[in-house]
Amino acid sequence: MKITLETLAAIYKISVHLASADGEVTGNEVKHLFDFFQRFEGLDQSTVNQLMAYGESMEDAKALQLISQADDEAKQEMANVFAKIVCEGDLTEREEQLYLQISEYCNLPDPVDDSEPEEPQEEDDEDQIMPAFFTVSFQGMVGSHQCESEDWNVLGDQLAEWIGADRVEIVRYTAPLNALTQQLRLNGRHLVFMVARNGYNQTVGDNMPATILYGGGYPIYGNIVFALETDQSYEIEGFRSRKLFSEALDAVDAAVDGLLRYPD
């Protein structure tokens with residue numbers, strides 16, 4: 001499949017129209033678009049930011065023209081991602097009409113389900129653990145923590161305490177984090193990390209692993225903590241199996257070029 005950056009910007013433009021047709025853009029709608037972007041190797045966060053900026057300034061007519069000129073394979077991929085966006089949540093009449101108008105104008109094929117079937121997972125009681133999280137200090141040192149409570153009033157305070165913060169804010173859906181989520185094949189969840197709300201306090205130092213995984217072109221300061229977040233309700237959870245905890249830690253370390261350090 002060959003799609004130019006200009007056409008990707010057009011896809012972003014039309015996706016935003018579809019996502020906002022019901023008056024609200026949800027995280028899952030955004031995730032479908034960024035999952036699509038992840039199919040293109042070398043499309044880093046800086047390039048994504050550039051094509052998003054270009055897409056926002058692009059005229060609707062030009063965006064539709066670029067999409068209509070794409071090859072058949074690319075059009076199938078566009079139809080699939082557009083359909084996922086409008087079908088997220090309750091499909092409104094306005095969303096359906098807009099999707100059909102775009103499909104007809106650009107001569108898009110009917111969408112097909114291109115998601116991979118989930119592999120059945122066998123429960124292994126011995127592998128189950130109390131929900132676990134791992135922290136990465138700004139020096140790259142890894143720590144592991146556990147918290148049984150799922151009540152955010154309790155868990156949120158605990159997460160903040162682990163990274164020396166008053167409160168935390170969540171970093172989600174960056175290109176590197178999306179790639180890790182796909183690699184780990186998380187079921188109904190995505191990988192996130194949390195930073196202090198005052199995380200730009202430079203006195204605590206640049207957290208290079210966090211900066212790489214944010215991918216936004218400027219540094220993230222302070223300690224961070226990794227967790228899972230549910231796709232539907234956006235609830236923060238820990239890793240509930242030793243296997244997944246270990247796989248996530250290894251995947252993060254590989255994604256940041258082995259910058260993580262472990263206690264002796």
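This briefing walks through the fold, cores, charged pairs and one buried acid of a single chain.

The model is predicted. Its chain has 264 residues, and 47% of them are buried. It holds 10 helices and seven strands. Among contacts with a separation of 6 or more, 70% join residues 24 or more positions apart.

**Confidence**

- The mean pLDDT of the chain is 85. A value of 70 or more is reached by 89% of the residues.
- Residues 117-121 fall below 50 in pLDDT. Beyond near neighbours in sequence, this stretch has three contacts in the model.
- Where pLDDT is low, the predicted coordinates should not be read in detail.

**Two nonpolar cores**

- The largest nonpolar core has 35 residues. Within it, Phe-37 and Phe-82 touch the most other members.
- Six helices each supply at least two residues of this core. They are helix 1 (5-19), helix 2 (27-37), helix 3 (45-57), helix 4 (60-68), helix 5 (72-87) and helix 6 (93-106).
- A second core is separate and has 28 residues. Its members include Ile-129, Ile-224, Phe-226 and Leu-228.

**Helix 8**

- Helix 8 spans residues 175-184. Its buried residues include Ala-175, Leu-177 and Leu-180. Asn-178, Thr-181 and Leu-184 are buried too.
- Arg-185 follows helix 8. The phi of Arg-185 is positive, near 50 degrees.

**Salt bridges**

- The whole structure has six salt bridges. Three of them are described here, beginning with Lys-62 and Glu-6.
- Side chains of opposite charge can pair when their charged atoms come close.
- Lys-62 and Glu-6 meet in a salt bridge at 3.3 Å, N to O. This pair links distant parts of the chain, with Lys-62 in helix 4 and Glu-6 in helix 1. The two residues are 56 residues apart.
- Lys-62 is partly exposed, at a relative accessible area of 33%. Glu-6 is also partly exposed, at 29%.
- Lys-13 forms a salt bridge with Asp-60, and their closest N and O atoms are 3.8 Å apart. This pair also links distant parts of the chain: Lys-13 sits in helix 1 and Asp-60 in helix 4, 47 residues apart.
- Lys-13 counts as buried, at 14% relative accessibility. Asp-60 counts as partly exposed, at 36%.
- Lys-243 forms a salt bridge with Glu-247, with the closest N and O atoms 2.5 Å apart. Both residues lie in helix 10 (residues 242-255). They are four residues apart, so about one helical turn separates them.
- Lys-243 counts as exposed, at 52% relative accessibility. Glu-247 is partly exposed, with a relative accessible area of 32%.

**Asp-127, a buried acid**

- Asp-127 is found in the loop between helix 6 and strand 1 (128-136).
- Asp-127 is buried yet has no salt bridge. The nearest side chain of opposite charge is Arg-242, 5.0 Å away. A salt bridge needs the nitrogen and oxygen within 4 Å, so this pair does not count as one.
- Asp-127 does have a polar contact: its side chain joins that of Ser-241 at 3.3 Å.
- Leaving aside neighbours within four places in sequence, Asp-127 is in contact with Arg-240, Ser-241, Arg-242 and Lys-243. Lys-243 is also the partner of Glu-247 in a salt bridge.

Definitions and conventions: Residues numbered from 1 in each chain as written. Predicted model: local features only at pLDDT ≥ 70, side-chain atom pairs only at ≥ 80, totals over all residues. Heavy atoms only, no water. Core = buried A, V, L, I, M, F, W, Y, C linked by side-chain atoms within 4.5 Å. Buried < 20%, exposed > 50% of the residue type's maximum accessible area, 1.4 Å probe, protein only. Lys, Arg positive; Asp, Glu negative; His and termini not counted. Polar contact = N/O pair within 3.5 Å; in protein donor to acceptor, adjacent residues only side chain to side chain. Contact = heavy atoms within 4.5 Å. pLDDT = per-residue confidence, 0-100.
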